[in-house]
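Morning, everyone. I have one model to walk through today. Please have a look at it first.

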Amino acid sequence: MEFNQVLLIDEDYIKTNSPINKNIWGDYLTPAITQSQDIDLQYIIGSRLYCKICREVLENNVEERFDDLITGLIQPYLMYQTIANLIPITASKISNLGTVISNDEHVVNLSQAEREDLIYRYQTRGDHYKKTLQQYLLNHKDLYPELQPCSDCGCDYVEPHLDSNPASPVFLMGKRTIA
């Protein structure tokens with residue numbers, strides 16, 4: 001089953017609920033959404049829960065526990081993570097000429113430092129929703145048996161990372177405590 005074809009958030013949601021220009025091309029936005037889901041979200045919730053949610057969305061048969069999780073926590077996280085991932089995609093293009101920056105007469109590109117600052121601002125917002133998602137899943141583990149380790153399933157399994165620092169995939173200070 002091709003989960004990279006399943007989008008847990010659509011372009012209209014991002015364009016309506018964020019400052020993203022309504023005219024941004026799907027050729028840029030869709031890869032950023034896919035990257036945010038397949039890499040960033042899957043790292044948080046793990047492969048088993050991620051695949052289960054994608055399968056249900058693909059089959060158009062989403063359990064209520066997943067629907068609430070998707071609309072209440074996953075979509076806001078994906079919106080900001082997608083924007084953070086989108087900024088470098090739109091800043092330069094890889095073409096037959098190499099990596100280029102396109103520039104119109106009336107548009108001025110951001111400097112590298114300004115782009116990094118913008119990425120940081122959206123990443124920080126995404127990190128807020130990441131922490132909220134992690135805390136929710138820690139508090140409701142009983143609703144999501146898919147968070148348990150995969151035993152002898154032979155799959156390429158990514159463990160859920162519910163104890164990581166939202167701003168980094170590596171957290172060196174031990175497990176986050178639930179307040």
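Start with the pair of helices α3 and α4, in what is a predicted model. Helix α4 covers residues 112-139. The axes of α3 and α4 come within 9 Å. They cross at roughly 160°. An angle over 145 degrees counts as roughly antiparallel, so that is what α3 and α4 are to each other. The crossing of α3 and α4 is left-handed. Those are the usual terms: two packed helices are described by the angle between their axes and the distance between the axes.

Now α3 by itself. Helix α3 takes in residues 64-91, 28 residues in total. What span should α3 have at 1.5 Å a residue? The expected figure is 40 Å. The end C-alpha atoms of α3 are 39 Å apart, so the two agree. Even so, α3 has a kink of about 45° at Ile74. The proline Pro76 comes shortly after that kink. How much of α3 is covered? Mostly covered is the answer: 20 of its 28 residues are buried.

One residue to pick out in α3 is Thr90. Thr90 counts as partly exposed, because its relative accessibility is 30%. The C-alpha atoms of Thr90 and Tyr28 are 6.8 Å apart. Along the chain, Thr90 and Tyr28 are separated by 62 residues.

On to helix α2, residues 26-58. Here the length check comes out short. Helix α2 has 33 residues, and a straight helix at 1.5 Å a residue would reach 48 Å. The end C-alpha atoms of α2 are only 20 Å apart. Where does α2 bend? The bend is at Gly46, and the angle is about 115°. After α2 comes Asn60, which has a positive phi, near 55°.

Last topic, the cysteines. How many disulfides does the structure hold? The count is 0. Cys51 is in no disulfide, and its nearest cysteine sulfur, that of Cys54, is 6.6 Å away. A disulfide needs the two sulfur atoms within 2.5 Å, so at 6.6 Å Cys54 and Cys51 are too far apart for a bond. Are these cysteines buried or exposed? Take Cys54 first: its relative accessible area is 0%, so Cys54 is buried. Cys51 has 23% relative accessibility, so Cys51 counts as partly exposed. The cut-off for buried is under 20%.

That's the tour. Over to you.

Methods: Residues are numbered from 1 along each chain as its sequence is written. This is a predicted model: local features need pLDDT of at least 70, side-chain atom pairs count only at pLDDT 80 or more; totals for chains, interfaces and linings use all residues. Side-chain values use heavy atoms; hydrogens and water are left out. Helices (H or I, at least four residues) and strands (E, at least two) are DSSP runs, numbered from the N terminus. The expected span of a helix is 1.5 Å times one less than its number of residues. The bend at a residue is the angle between axes fitted to the seven residues ending there and the seven starting there. Buried means under 20% relative accessible area, exposed over 50%, partly exposed in between (1.4 Å probe, protein chains only). Axes are lines fitted to C-alpha atoms, for helices over the stretch in contact, and angles run from 0 to 180 degrees between N-to-C directions. Angles under 35 degrees count as roughly parallel, over 145 as roughly antiparallel, 65 to 115 as roughly perpendicular and the rest as oblique. A crossing is left-handed if the near helix is turned anticlockwise from the far one by less than a right angle, and right-handed if clockwise.
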